[in-house]
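Here are a few friendly notes to read alongside the model. Take them one at a time, and keep the 3D view open as you go.

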Amino acid sequence: MGAVQNGQSADKLSVVFAVHVIEGGEQGFLEMYERIRKSVAQVPGHIIDRLGEPVDGSRQWVITSEWETPEHFFAWQQGEDHQELVAPLRQWVDKTQSLRFRVIQETVGVKS
């Protein structure tokens, strides 16, 4: 059972997907990400995604996404459409790591 924040369930899922882009593959990766991003934005339960570019020359990019519930994410991830959608991305990356976290607390900036 999830935590409650300000009277609302905090069962959101945060997904961190780290990808190591092959040398010279940045443009292909960005083009493929753009296609995937537009499709994922239409998936029920998807809230937001972000793309992080490395600042240290490591070619280690990070895609983060938030989902209303873990069930929304896993339903999408385990569907046939998911495999078909992300398969072309693999030509631009040589290592991946996926981490998933249930959001139990959030801090939202307070304006004074």
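1. Begin with the order of the elements. Going along the sequence of this predicted model, the protein follows the pattern β-β-β-α-β-β-α-α-β. That pattern holds three helices and six strands. Try tracing them in the viewer.

2. Next, look at how far you can trust the model. The average pLDDT of the protein is 88, and 90% of the residues score at least 70. Please be careful with residues 1-9, where pLDDT stays under 50. For this stretch the model has ten contacts beyond four places in sequence.

3. Now find strand 5, which covers residues 60-67. Which strands does strand 5 pair with? Strand 3 (residues 13-21) pairs with strand 5 in the antiparallel sense, over eight bridges. Strand 4 (residues 46-52) also runs antiparallel to strand 5, and six bridges join the two.

4. You can check both pairings with a single residue pair each. For strand 3 and strand 5, take V19, whose bridge partner in strand 5 is W61. On the strand 4 side, D49 stands opposite S65 of strand 5. While you are looking at the sheet, keep a general rule in mind: in a regular strand the side chains alternate between the two faces of the sheet.

5. Just past strand 3 there is a good residue to practise on. E23 sits in the loop between strand 3 and helix 1 (26-40). Is E23 buried or exposed? Its relative accessible area is 68%, and exposed means over 50%, so E23 counts as exposed. For a sense of distance, E23 and I63 are 40 residues apart in sequence, and their C-alpha atoms are 18 Å apart in space.

6. Step back to the whole protein. Its C-alpha atoms fill a box of roughly 50 × 40 × 20 Å along the principal axes. Of the 112 residues, 34% are buried. Among contacts with a separation of 6 or more, 70% are between residues 24 or more positions apart.

7. Finish with the surface and the charges. The accessible surface comes to about 7,700 Å², and carbon and sulfur atoms account for 50% of that area. How many charged side chains of each sign are there? The protein has 11 positive and 16 negative side chains, and the centres of the two sets lie 3 Å apart.

Terms used: Residues numbered from 1 in each chain as written. Predicted model: local features only at pLDDT ≥ 70, side-chain atom pairs only at ≥ 80, totals over all residues. Heavy atoms only, no water. pLDDT = per-residue confidence, 0-100. Contact = heavy atoms within 4.5 Å. Pairing = 2+ DSSP bridges. Helix = DSSP H or I, 4+ residues; strand = E, 2+ residues; numbered from the N terminus. Buried < 20%, exposed > 50% of the residue type's maximum accessible area, 1.4 Å probe, protein only. Areas by Shrake-Rupley, 256 points an atom, 1.4 Å probe, with all protein chains shown as cover. Lys, Arg positive; Asp, Glu negative; His and termini not counted. Charge placed at Lys NZ, Arg CZ, Asp CG, Glu CD.
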